[in-house]
Amino acid sequence: ELNKKTKLFIQVNLAKEKQKSGILLNDLNNFYYYCTKELLLNVIGLMCLPPIESNSHEYFNILKNTAENLHLKDLSMGMSSDFEQAILNGSTYLRLGTIILGERHLTN
């Protein structure tokens with residue numbers, strides 16, 4: 001209605017973690033084509049959140065290669081704890097809340 005083309009990322013659950021959302025890598029190609037060809041969504045890239053205490057480089061490299069295969073230029077990967085590794089692996093978007101805002105604590 002507003003004639004805007006929202007830029008979207010597909011979140012990929014690379015480690016098949018039950019507590020995280022995202023499409024599984026094995027399902028990504030079909031999902032990507034469904035989103036872009038049938039729904040005509042403006043998917044510009046992929047995003048991931050590697051498992052805590054993991055080798056982020058391994059997961060970032062998988063996502064980078066996957067994005068290249070889909071001809072996607074943007075990657076949203078890397079948070080305050082691993083953003084340097086994300087940049088080295090081609091991340092174009094970072095999530096740096098803790099570095100900018102400091103530690104936050106959830107309250108009930």
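Begin by selecting the five strands together: they form an open sheet in the order S2-S1-S3-S4-S5, with parallel pairing throughout, where strands are DSSP runs (E) of at least two residues and helices are DSSP runs (H or I) of at least four, both numbered from the N terminus, and where two strands pair if DSSP finds at least two bridges between them. The edge strands are S2 and S5, each of which pairs on one side only. Strands of a sheet pair through backbone hydrogen bonds, either parallel or antiparallel.

The model is a predicted one, in which local features need pLDDT of at least 70 and side-chain atom pairs count only at pLDDT 80 or more, while totals for chains, interfaces and linings use all residues. Residues are numbered from 1 along each chain as its sequence is written, and side-chain values use heavy atoms, with hydrogens and water left out.

**The whole chain**

Zoom out and colour by secondary structure: the protein has 4 helices and 5 strands, which from the N terminus on run β-β-α-β-α-β-α-β-α. Taken along the principal axes, the box filled by the C-alpha atoms is roughly 40 × 35 × 30 Å. Of the 108 residues, 35% count as buried, a term that means under 20% relative accessible area, whereas exposed means over 50% and partly exposed lies in between (1.4 Å probe, protein chains only). The accessible surface comes to about 7,800 Å², and 51% of that surface belongs to carbon and sulfur atoms; the areas come from the Shrake-Rupley method with a 1.4 Å probe.

If you colour by charge, you will find 11 positive and 11 negative side chains, with the centres of the two sets 6 Å apart. Lys and Arg count as positive and Asp and Glu as negative, without His or the chain ends, and each charge is placed at NZ of Lys, CZ of Arg, CG of Asp or CD of Glu.

**From S2 to S3**

Select S2 (23-24) and S1 (8-13), which run parallel and are joined by 2 bridges; Val 12 has Ile 23 in S2 as its bridge partner. Next add S3 (residues 43-47), which is joined to S1 by 4 bridges, again in the parallel sense. Here the bridge partner of Ile 10 is Leu 46 in S3.

Now follow the backbone into the loop between S1 and S2, where Lys 16 is found. Its phi is positive, about 55°, although Lys 16 is not a glycine, and the residue is exposed, with a relative accessible area of 57%.

**Helix H1 and the loop after it**

Move on to helix H1 (25-38) and the loop between this helix and S3, which holds Leu 40. Leu 40 also has a positive phi of about 55° and is not a glycine. Is Leu 40 buried or exposed? Leu 40 is exposed, at a relative accessible area of 65%.

For a contrast, select Thr 36 in helix H1, a residue that is buried, with a relative accessible area of 15%. Not counting residues up to four places away in sequence, Thr 36 touches Leu 41 and Val 43, contact being heavy atoms within 4.5 Å.

**S4 and its two neighbours**

Centre the view on S4 (residues 74-79), a mostly covered strand in which 5 of the 6 residues are buried. With S3 this strand pairs in the parallel sense over 3 bridges, and Leu 46 has Leu 75 in S4 as its bridge partner. Add helix H2 (residues 56-69) to the selection, since S3, H2 and S4 make a right-handed β-α-β unit; right-handed means that, with the strands pointing away from the viewer, the path from the first strand over the helix to the second runs clockwise.

Then include S5 (residues 93-95), which runs parallel to S4 and is joined to S4 by 2 bridges. Ser 76 has Tyr 93 in S5 as its bridge partner, and Met 79 stands opposite Arg 95 in S5.

**Last stop: Lys 73**

Finish in the loop between H2 and S4, at Lys 73. Which residues is Lys 73 in contact with, leaving aside its neighbours within four places in sequence? The contacts are with Ile 44 and Thr 92. Lys 73 is nevertheless exposed, with a relative accessible area of 76%. A distance label drawn from Lys 73 to Ser 91, C-alpha to C-alpha, should read 9.4 Å, for residues that are 18 apart in sequence.
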